Amino acid sequence: MTKRTPGTNTTDVRRVEVTVDRPANGGEAVGRADGRVLFVRGAIPGERVVAEITDDRHDAYWRAEAVEILDASPHRTSTPCPAAARGAGCCDLGYIDPAYARVLKQSVLLDVLQRVGHLPADRIATTDLATRGVDRLAGADTGWRIRTRLAVDDDGRAGQLAFRGARVIDEECVQPVSGMLDGVAERRFTPRSELAVVLDSRGVRSITELAPVEKSARGNARRRAQENRGRRARPRVQVVVDGEATAIHRVGARTWEIPVTGFWQAHRAAPQTYGDTVVEFARTHLPASGPGGSPRVAWDLYGGAGVFAAALLDGLPGGLDTVHIVDSDAAALDAAARTFEADGERVRTHRGEVADRLADLTGPGVAGPDIVVLDPPRTGAGARVIGAVAAAQPAVVVHIGCDAARFARDLGLFAESGYQVVQIRAFDAFPLTHHVEAIACLVPGTPG
C-alpha cells in the first residue's frame, strides 16, 4: 500500500479496507479509516470494501472510491446502464437494487431533517416520509427521462460526461425514454457543444445544439468548476438540429410550449404527481372560504411556466381568485402567459429574483396569500425569501426541494419563523441516482 501525502494530489495511490455503515447525502456511504470519516463512492451500507482514497485535503474526512468488494450487500446488483458502467455520472446508484435505494434515500432525508433542519423527531415520525418511505413514480426505473443534456467531445460525438470529469462517454444511458436518443450516437455535432434533447407529449423528438463554452483555466478545480457552470448558464447561440425549437408538454387539461433548452421536469410522471400532491395538501389544510369571504390568493414562487399555478386553479374546490407566478426566467414566464391567456387577470406573472419581487406582492391594499408554493433551485430558498413568506402569514406553505440538505435547512428556517411541518412526502423522481424530490406542507405554529 503506497502512502499518499495528506493535502496533495500526487499520483501515489493509497488503499484502505473499510466497512461502511450508513448512507450519506450525495450517494456515498460512510465508514472510518485511520481515525477519519471516509465517504466511499460505490459502496453500500453494511459492505466491507477496499477503497482508494480520491481526496485527502480535509483533516476530518476523506473521500474514496470502492475498488474491490470484500463482503457484498445482498442489495448489490449489476448496473443496467452501459454509460455508468464505463464511468459516466448518470446512474450513480445503478449498482443498488432500486427498491433498496429508495430505503437509503428515506434514511438520508430523515437524517438531514433532524441534523440540519433541527426538526422534532416526533413530528417527522408522523409524516408519510417516515411511515411510507420514498414513493416510486409511475413507470419503470429505467426509460423515465423525457429531457436530457448531452456533452459533445472534440470529435463531435455526443454522450454522458464522466463522473466529475470532462471526458465524454458515448455509451447509451438507460434513463431516457425509448426512442429519445435514436440515431444520436451515429451523428456528429459541433465539437465541444452541448445538446438539449426532449421527447414531448406528442412524441416529437427535438434537439437543440448550444454553442461551445470556453472553459476557465484559472484557480483551483472547485473555482474552475464554478466558473464553467456560470458560463454555461449565460445566453449561448442555439441551433435546432432536429425537430422544433419548442416542446409541447401536457399536464391535465392544459398545454405548455417550452423551449427545448428550457426547464421541465425530467421524469415524465413528475409534473402530474407533484401537482396532485400540492392540491391534496391545500385541500387538507387550507381553511374553507365562506360566502362573501375575502379573495383567495396563491403565490407560485420559482414558478417557471406555472404547473403548480395550474394545479391550484383547476384542483381547489371554489378555485382561486388570483395566482401570482414569480420567476427570473423570461422564456418560462412567456410560456405561462400563453398557457393562462384564457384565465385573464386571475394569473399574473412577475419576472425577477424571488427575493426582490416579493415586495411587489405585499403592502397596503394588497391581498396577502392564502397559500404559497415554493419550488426553488438546488440551492434552496434561503433566509430572505423564507422570512418574507412567513411575514405574509399564509395559511399554508408547500415547500419543494431536490437537494436533501438545503430542503432540510429551509424547513428549519420556516420553523424559526413560526411554521410547523404537518406533512412530508418524498418521490424517487430520479431512479438509479442518489437524487430525491421532497414536498413538505407547513402551517402556522409555534416559533422554535
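A pocket is taken here as an open set of grid points at which a 1.4 Å probe fits, with protein on both sides within 12 Å along at least five of seven lines. In this predicted model, the second largest pocket has a volume of about 310 Å³. Its lining comprises 18 residues, and Arg41, Gly42, Glu65, Ala84 and Tyr95 lie nearest the centre of the pocket. By class, 7 of the lining residues are nonpolar, 6 are polar and 5 are charged. Two elements, strand 6 (61–71) and helix 1 (82–85), each contribute at least two residues to this lining. Strand 6 provides the largest share, namely 3 residues.

Arg41, one of the residues nearest the centre of the second largest pocket, also takes part in a contact between a charge and a ring. The charged end of Arg41 sits over the ring of Phe163, at 3.5 Å from the ring centre. A further contact of this kind involves Arg63, whose charged end sits over the ring of Phe39, 5.2 Å from its centre.

Aromatic contacts were examined next. The structure contains 6 aromatic pairs. In one of them, the ring centres of Phe39 and Tyr61 are 5.5 Å apart and the ring planes meet at 85°; because planes over 60 degrees apart count as edge-to-face, the pair is assigned to that class. Phe39 belongs to strand 4 (residues 36–41) and Tyr61 to strand 6, so that the pair links distant parts of the chain, 22 residues apart. The relative accessible area of Phe39 is 18%, and this residue is therefore buried, the limit being under 20%. Tyr61, by contrast, has a relative accessible area of 26% and is partly exposed. Phe39 thus has its ring paired with that of Tyr61 and also lies beneath the charged end of Arg63.

A second edge-to-face pair is formed by Trp144 and Phe430, with 6.3 Å between the ring centres and 80° between the planes. Trp144 is located in the loop between strand 7 (134–136) and strand 8 (147–152), whereas Phe430 is located in the loop between strand 21 (419–428) and strand 22 (437–444); the pair therefore ties together parts of the structure 286 residues apart in sequence. Both partners are buried: the relative accessible area is 1% for Trp144 and 14% for Phe430.

Ring pairs also occur in a cluster, in which Trp256, Trp264 and Phe340 are linked.

Key: Residues numbered from 1 in each chain as written. Predicted model: local features only at pLDDT ≥ 70, side-chain atom pairs only at ≥ 80, totals over all residues. Heavy atoms only, no water. 1 Å grid on protein atoms, 1.4 Å probe; cavity = no way out; pocket = protein on both sides within 12 Å on 5 of 7 lines; lining within 4 Å. Points joined across faces, edges and corners; volume = space filled by probe spheres on them. Helix = DSSP H or I, 4+ residues; strand = E, 2+ residues; numbered from the N terminus. Nonpolar A, V, L, I, M, F, W, Y, C, P; charged D, E, K, R; others polar. Phe/Tyr/Trp six-rings, centres within 6.5 Å; stacked < 30°, edge-to-face > 60°. Buried < 20%, exposed > 50% of the residue type's maximum accessible area, 1.4 Å probe, protein only. Lys NZ or Arg CZ within 6 Å of the ring centre and 35° of its normal.
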